[in-house]
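Subject: The structure I promised you

Hi,

Here is the model for you to open while you read. My notes follow underneath, with each term explained where it comes up.

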Amino acid sequence: MRQVKLIRNRPVFAPPKGAKERTVPLPESVARSIEEHISQHPPAAVTLPWRAVDGAPVTASLIFHRDQGRPINRNDFNRGAWRPALEAAGVPLGRASGMHALRHFYASVLLDAGESIKALSEYLGHHDPGFTLRTYTHLMPSSEKRTREAVNRAFADGPDTDDGPTTARGE
């Protein structure tokens, strides 16, 4: 596992934040998008120093890279692609609309779909699910809405399954 990190505005390979490896499920839609990207822009072998500007050189294949197989510089990307896209969409510039906002978007999508705090915590690389809960609790769906929907499914036009209210009575 590695990331491209900037040290004194020079790229180096480094372990992910906190040296934590994460296993995150890859949705089919994302896999298809990556496959399409790779078919149009093949990965490039990039050699960078490891962990420090004067570190030992390490070569890795990068799926996302600049021309001539150079790593993407986050400052150049923000200046040349991200900020112009935000401006074109009428989104105000600032920390709330920075690249880190994509992480929060990911968390909100998973929470809205009912993913557990424990799983989300693992995907985001948090040591403590309590931290994840405190950070993202405001994004969790309303418990009142979930309660109404659960009861509606059980008693109204819910699915015909073996795990409804009749199961609880032993029928």
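First, a term for what follows: two strands pair if DSSP finds at least two bridges between them. The strands themselves (E, at least two residues) and the helices (H or I, at least four) are DSSP runs, numbered from the N terminus.

Some ground rules before the findings. This is a predicted model, in which local features need pLDDT of at least 70 and side-chain atom pairs count only at pLDDT 80 or more, while totals for chains, interfaces and linings use all residues. Residues are numbered from 1 along each chain as its sequence is written, and side-chain values use heavy atoms, with hydrogens and water left out.

**The hairpin**

Strand 1 (3-7) and strand 2 (residues 10-14) run antiparallel and are paired over 5 bridges. Take V4 as an example: its bridge partner in strand 2 is F13. There are 2 residues between the strands of this hairpin, and R8 has a positive phi near 50 degrees.

Just before strand 1 you will find M1. With a relative accessible area of 55%, M1 is exposed (over 50%; buried means under 20%, and partly exposed is in between, using a 1.4 Å probe and protein chains only). Setting aside neighbours within four places in sequence, M1 touches A14, P15, P16, E21, R22 and W50, where contact means heavy atoms within 4.5 Å. M1 and L86 are 85 residues apart along the chain, and 30 Å separates their C-alpha atoms.

**The largest pocket**

How do you look for a hole in a protein? Rolling a probe the size of a water molecule over the atoms shows where empty space is left. In detail, the search uses a 1 Å grid over the protein atoms alone: a cavity is a set of points where a 1.4 Å probe fits but cannot get out, whereas a pocket is an open set with protein on both sides within 12 Å along at least five of seven lines. Lining residues have an atom within 4 Å of a point. Grid points are joined across faces, edges and corners, and the volume is the space filled by probe spheres set on the points.

Here the largest pocket has a volume of about 2,400 Å³. It is lined by 42 residues, and R2, Q3, P16, R22 and R103 are the closest to its centre. Several elements give at least two residues each to the lining, among them strand 1, helix 1 (28-40), strand 4 (57-62) and helix 2 (74-89). Helix 3 supplies the largest share, 6 residues. Sorted by class, the lining has 24 nonpolar, 11 polar and 7 charged residues. Here Ala, Val, Leu, Ile, Met, Phe, Trp, Tyr, Cys and Pro count as nonpolar, Asp, Glu, Lys and Arg as charged, and the others, Gly among them, as polar.

**Helix 4**

Is helix 4 mostly enclosed or open? Helix 4 is largely enclosed by the rest of the structure, because 6 of its 8 residues are buried. The buried ones are I117, A119, L120, S121, Y123 and L124, and their cover includes helix 3 and helix 5. Right after helix 4, G125 has a positive phi of about 80 degrees.

**Salt bridges**

Side chains of opposite charge can pair when their charged atoms come close. A salt bridge here is a side-chain nitrogen of Lys or Arg within 4 Å of a carboxyl oxygen of Asp or Glu, and that rule gives a count of 5.

One of them joins R66 and D76, whose closest N and O atoms are 3.2 Å apart. R66 sits in the loop between strand 4 and helix 2 and D76 in helix 2, so the pair ties together parts that are 10 residues apart in sequence. R66 is partly exposed at 29% relative accessibility, and D76 is partly exposed at 32%. D76 also forms a salt bridge with R79 (2.9 Å, N to O), so R66, D76 and R79 are linked in a network. R79 lies 3 residues from D76 in helix 2, about one turn of the helix, and is exposed at 53%.

In helix 4, E122 and K118 form another salt bridge (2.6 Å, N to O). E122 and K118 are 4 residues apart, about one helical turn. E122 is partly exposed at 44%, whereas K118 is exposed at 51%.

Have a look and tell me what you think!
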